[in-house]
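Visitor: Could you take me close up to one part of this protein? I'd like to go slowly and end up with a picture I can remember.

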Amino acid sequence: MLRLRVLFLVYAFGVLAVTVVPVRAFDYWGHVPWQAMIRWVPFVVDPVSMVLNVVMFMPFGVLVPLLWQWAGATALRLSLCALGASLSIELTQLLLDITLGARRTVDINDLIANTGGALIGLWLLRLARRESKALAG
């Protein structure tokens, strides 16, 4: 269990390193207002970005249920946990945009892709458990 917790912490710091750091303060995007960095329209996104966000949250869908069984008990619970984690990242990016001019995009598609990635991770975990039981029994 300690190994899983350490692995989750390493994963979480990795996600933060990719999504929040580096903070490029001021004039990175020129004089574009911070409101222009918010992407509200779903499914209008670079496919590579969508795939990378899905892949980034697949470990979330595996690790969270292994560490906290209540969170992975249903797909809905895991979805809400993933959505909350993803929303926290997006709000942090927005706050950094407003306060430091960091100019990270805040995108509804990231919420969709991250939540989907976590569900794929949960599906893979359940598939692996089922295969493990089949091999043992």
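Visitor: Which helix gives the most to the lining of the second largest pocket, and with how many residues?

Guide: That's helix 1, which puts 5 residues into the lining. Before we go in, this is a predicted model, where local features need pLDDT of at least 70 and side-chain atom pairs count only at 80 or more, while totals for chains, interfaces and linings use all residues. Residues are numbered from 1 along each chain as its sequence is written, and side-chain values use heavy atoms, with hydrogens and water left out.

Let's step back for a moment. The protein chain has 4 helices and 2 strands (DSSP runs, H or I of at least four residues for helices and E of at least two for strands, numbered from the N terminus). Along the sequence they come in the order α-β-α-α-β-α, and the C-alpha atoms fill a box of roughly 65 × 30 × 25 Å along the principal axes.

Now back to our pocket (on a 1 Å grid, an open set of points where a 1.4 Å probe fits, with protein on both sides within 12 Å along at least five of seven lines; lining residues have an atom within 4 Å of a point). Helix 1, helix 2 and helix 3 (75-100) each bring at least two residues to its lining. Follow the lining along the chain and you meet Phe8, Tyr11, Ala12, Val15 and Leu16, then Phe57 and Phe60, then Ala85, Ser88, Ile89 and Thr92. By class, that's 9 nonpolar, 2 polar and no charged residues (Ala, Val, Leu, Ile, Met, Phe, Trp, Tyr, Cys and Pro are nonpolar; Asp, Glu, Lys and Arg charged; the others, including Gly, polar).

How do these helices sit against each other? Helix 1 (residues 2-19) and helix 2 (residues 47-67) have axes that come within 10 Å and cross at roughly 150°. That makes the pair roughly antiparallel (over 145 degrees; under 35 is roughly parallel, 65 to 115 roughly perpendicular, the rest oblique). Leu4, Arg5, Leu7, Phe8, Tyr11, Val15, Val18 and Thr19 of helix 1 meet Met56, Phe57, Pro59, Phe60, Leu63, Val64, Leu66 and Leu67 of helix 2, with heavy atoms within 4.5 Å counting as contact. This contact has 14 nonpolar, 1 polar and 1 charged residues.

Helix 2 also packs against helix 3, at an angle of about 130° with the axes 11 Å apart. That makes helix 2 oblique to helix 3. Here Phe57, Phe60, Gly61, Val64 and Pro65 of helix 2 touch Leu78, Cys81, Ala82, Ala85, Ser86 and Ile89 of helix 3. By class, this contact has 9 nonpolar, 2 polar and no charged residues. Phe57, Phe60, Ala85 and Ile89 are among the pocket's lining residues too.

Helix 3 has another neighbour: its axis and that of helix 4 (residues 108-136) come within 9 Å and cross at roughly 140°. That makes helix 3 oblique to helix 4. The helix 3 residues in this contact include Ala75, Leu78, Ala82 and Glu90, and those of helix 4 include Asp110, Leu111, Leu122 and Arg126. This contact holds 9 nonpolar, 4 polar and 3 charged residues.

How values were computed: Axes fitted to C-alpha atoms, helices over the stretch in contact; angles between N-to-C directions.
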